[in-house]
Amino acid sequence: MRRFGAQIYYGDAARLDILRAAGADKACAFVLAIDKVDASLRVAEMVRTNFPDLAIYARARDRTHVHKLMDLGVTIIERETFLAALELTKDLLRGLGLPAAEVKRTTETFKRLDEKRLYEDYQYYTDVEKVRANALSQAKELEELFARDVAELPDDDGVPRRPEPERVGAGSEDDRR
């Protein structure tokens, strides 16, 4: 990084003296990409408390980490495991032969619904049962959405597939009497 003109500071970013020496008071942005969640939260709290106008761009390990960063007022957050999982899913779907447009639509739909759930869960993220119930509800919604999409895909003859209608009163006429 020095070869490209960047100044590098080594030390505990949760220490105010290190942040000041690094010029945090003059910075336009602060990138928070610390692997350990607790350390990441300590740094975010230190930056937010002492440099309230400094934009924090944070990487989060998981949903809970996102919510804890949000508690500290961090709003620009990317989930590293989520983004990697989406990319792997795209590769998988392409490898299974899905058309590029279908891969894009499917993964974007999933991403949009998951991000919606992430922000809905924030209001009660410390209540594991509520988060679990919301996850199950959202999974069912997503499954139904994708099932409708599959039903609308054309078959080999170019005719849209339709689910079989439910049969009411199946059995012989004698069974229905």
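Start with the lining of the largest pocket and colour it by residue class: 15 residues are nonpolar, two are polar and one is charged. Keep in mind that this is a predicted model.

**The pocket**

The largest pocket has a volume of about 400 Å³. Its lining consists of 18 residues, and to find the centre, select Ala13, Leu19, Ala22, Phe30 and Val31, which lie closest to it. Next, show helix H1 (16-21) and strand S1 (29-32) as ribbons; each of them supplies at least two residues of the lining. Which element gives the most to the lining? That is S1, with four residues.

**Leu16**

Now select Leu16, which is found in helix H1. Is Leu16 buried or partly exposed? Leu16 has a relative accessible area of 23%, and because buried means under 20%, this residue counts as partly exposed. Show its surroundings and leave aside the neighbours within four places in sequence: Leu16 is then in contact with Met46, Asn50 and Phe51. Add Val43 and draw a distance between the two C-alpha atoms; Leu16 and Val43 are 27 residues apart along the chain, and the separation is 9.3 Å.

**The largest nonpolar core**

Move on to the largest nonpolar core, a set of 20 residues. Select Phe30, Leu32, Leu69 and Ile77, the members that touch the most other members. To see where the core comes from, show S1, helix H2 (37-50), strand S2 (55-60) and helix H3 (63-71), the elements that give two or more residues to it. Among these, H2 gives the most, with four residues. Nonpolar side chains tend to be buried together in soluble globular proteins.

Phe30 deserves a second click: this residue is among those closest to the centre of the largest pocket, and Phe30 is also one of the core members with the most contacts to other members.

Then centre the view on Ile77. Not counting residues up to four places away in sequence, Ile77 touches Ala58, Ala60, Val66, Leu69 and Met70.

**The whole chain**

Finally, zoom out and show the protein chain as a cartoon. Seven helices and three strands make up its secondary structure. Trace the elements from the N terminus, and the order is α-β-α-β-α-β-α-α-α-α. Colour by burial next: of the 177 residues in the chain, 27% are buried. Switch to the surface, and the accessible area comes to about 12700 Å², with 54% of it belonging to carbon and sulfur atoms. For contacts along the chain, take those between residues at least 6 apart in sequence; 49% of them join residues at least 24 apart.

Note on methods: Residues are numbered from 1 along each chain as its sequence is written. This is a predicted model: local features need pLDDT of at least 70, side-chain atom pairs count only at pLDDT 80 or more; totals for chains, interfaces and linings use all residues. Side-chain values use heavy atoms; hydrogens and water are left out. On a 1 Å grid over the protein atoms alone, a cavity is a set of points where a 1.4 Å probe fits but cannot get out, and a pocket is an open set with protein on both sides within 12 Å along at least five of seven lines; lining residues have an atom within 4 Å of a point. Grid points are joined across faces, edges and corners, and a volume is the space filled by probe spheres set on the points. Ala, Val, Leu, Ile, Met, Phe, Trp, Tyr, Cys and Pro count as nonpolar, Asp, Glu, Lys and Arg as charged, and the others, Gly among them, as polar. Buried means under 20% relative accessible area, exposed over 50%, partly exposed in between (1.4 Å probe, protein chains only). Contact means heavy atoms within 4.5 Å. A nonpolar core is a set of buried Ala, Val, Leu, Ile, Met, Phe, Trp, Tyr and Cys residues joined through side-chain atoms within 4.5 Å. Accessible areas come from the Shrake-Rupley method with a 1.4 Å probe; for residues, only the protein chains shown count as cover.
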